[in-house]
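Trainee: I keep meeting labels for parts of a protein, and I would like to know what earns each one. Could we go through some together?

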Amino acid sequence: MSEFLNTPEAPHAPGASIRHTRDKGEPRFPNGPKADPAGSHFERRIRSFQPRRSRVTAGQADALQRLWADRGLDIDGQLTLDLAELFGNTNPVVLEIGFGMGEATAQMAAADPDTNVLAVDVHTPGQGNLLNLADHMGLTNVRVGNGDAIILLREMLTPDSLGGLRVYFPDPWPKKRHHKRRLIQPEFLTLAATRLKPGALVHCATDWEPYAEQMLEVLGAHPGFENTVPDGGFAPRPAFRPLTRFEGQGLDKGHVVNDLLFRRVQHGQHGQHTEEHREHDQRDNDQSSTGA
């Protein structure tokens, strides 16, 4: 288990959860993330996520109250983001959709301080935990987004503004009637492609094999992306993606985890790599072989 998981809590009993009697209509965290930032501003549609209500520890609540104003972002779809202003620099920005409790996000941000990470989720305890981890690890390159990543991509980000996209262990929606809720679909990839710079890496991982096969199929068929694995197929787990507790538990149960590494191709040059992108791919594959 990573030492980063044992971050100091606020001065409350260990493992304590916040129980606060609120008046009707009072926000759960007055200085923290909103319950529904986009409200009814946008059309009703099938979503790939389902918000969960669960207990928030004292440390997570403290982080939400203290840090949200500076490091949090409510995805309301009402403004166009200036990512350089959001992070205070012009370093490349990677969007991570669905970060769970944020342990892997924090470790990857610490290992690559010259890359900014905009991590989006709707799980309040996870938002607080990632803010807490980033604070105690002294990370300045992490911002936490609260809300629907589709609204963020479509309404708030400009073309070619992202240097990468990460989707690790998204909800597999295993029942056939729910497959339409899966995030990695052709329509999502078309939207994401408009916001990714040429050469940007799209990295997905899942322990649900049928979903992995679907991801591989739709990514492989999309003209905006190209597999970095020379002969196609799945990639070994790259060294830069940490092994999380969740993943470790799955592996202990015999689950197979598949990674997919695709690159945004040059605009108007579908199916072709520049020499620079070939070098990137070779480096990624070299790292994969040492970190699998």
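Trainee: Why is Asp135 called partly exposed?

Mentor: This is a predicted model, and in it Asp135 has a relative accessible area of 24%. Buried means under 20% and exposed means over 50%. The value for Asp135 falls in between, so the label is partly exposed.

Trainee: What makes Asp135 and Arg66 a salt bridge?

Mentor: The closest N and O atoms of Asp135 and Arg66 are 3.1 Å apart. The cut-off is 4 Å between a side-chain nitrogen of Lys or Arg and a carboxyl oxygen of Asp or Glu, so this pair qualifies. The pair also links distant parts of the chain, with Asp135 in helix H4, Arg66 in helix H1, and their positions 69 residues apart.

Trainee: Which of the labels buried, partly exposed and exposed fits Arg66?

Mentor: Its relative accessible area is 41%, so Arg66 is partly exposed. Asp62, at 29%, counts as partly exposed too.

Trainee: How do you know that Asp135 also forms a salt bridge with Arg71?

Mentor: Their closest N and O atoms are 3.8 Å apart, and the limit is 4 Å, so the pair counts. Here again distant parts of the chain are joined: Asp135 belongs to helix H4 and Arg71 to helix H1, 64 residues apart.

Trainee: What makes Asp62, Arg66, Arg71 and Asp135 a network?

Mentor: They are linked by salt bridges. Besides the two we discussed, Asp62 and Arg66 meet at 2.7 Å, N to O. Those two both lie in helix H1, four residues apart, about one turn of the helix. Here is a handy rule: an α-helix has 3.6 residues a turn, so residues three or four places apart point the same way. A search of the whole structure finds six salt bridges.

Trainee: How do you know that the length of helix H4 agrees with what is expected?

Mentor: H4 covers residues 124-136, which is 13 residues. At 1.5 Å a residue they should span 18 Å, and the end C-alpha atoms are 18 Å apart, so the two agree. After H4 comes Gly138, whose phi is positive, near 70°.

Trainee: What makes you say that H4 is mostly covered?

Mentor: Of its 13 residues, 11 are buried; among them are Gly126, Asn129, Leu130 and Leu133. What covers the buried residues includes helix H1 (58-71), helix H3 (103-111), strand E3 (116-121) and strand E4 (142-146).

Trainee: What makes the largest nonpolar core a core?

Mentor: A core is a set of buried residues of nonpolar kinds joined through side-chain atoms within 4.5 Å. The largest one here has 40 residues, and those with the most contacts inside it include Leu95, Leu118 and Leu152. Its largest share, six residues, comes from helix H5 (149-156). A second, separate core has 19 residues, including Ala61 and Val144. In soluble globular proteins, nonpolar side chains tend to be buried together.

Trainee: Why are strand E1 and strand E7 called edge strands?

Mentor: The open sheet has eight strands in the order E1-E4-E3-E2-E5-E6-E8-E7. Strand E1 (72-74) and strand E7 (225-227) each pair on one side only.

Trainee: What makes strand E6 and strand E8 a pair?

Mentor: Six bridges join them. Pairing needs at least two, so E6 and E8 pass, and they run antiparallel.

Definitions and conventions
Residues are numbered from 1 along each chain as its sequence is written. This is a predicted model: local features need pLDDT of at least 70, side-chain atom pairs count only at pLDDT 80 or more; totals for chains, interfaces and linings use all residues. Side-chain values use heavy atoms; hydrogens and water are left out. Buried means under 20% relative accessible area, exposed over 50%, partly exposed in between (1.4 Å probe, protein chains only). The expected span of a helix is 1.5 Å times one less than its number of residues. Contact means heavy atoms within 4.5 Å.
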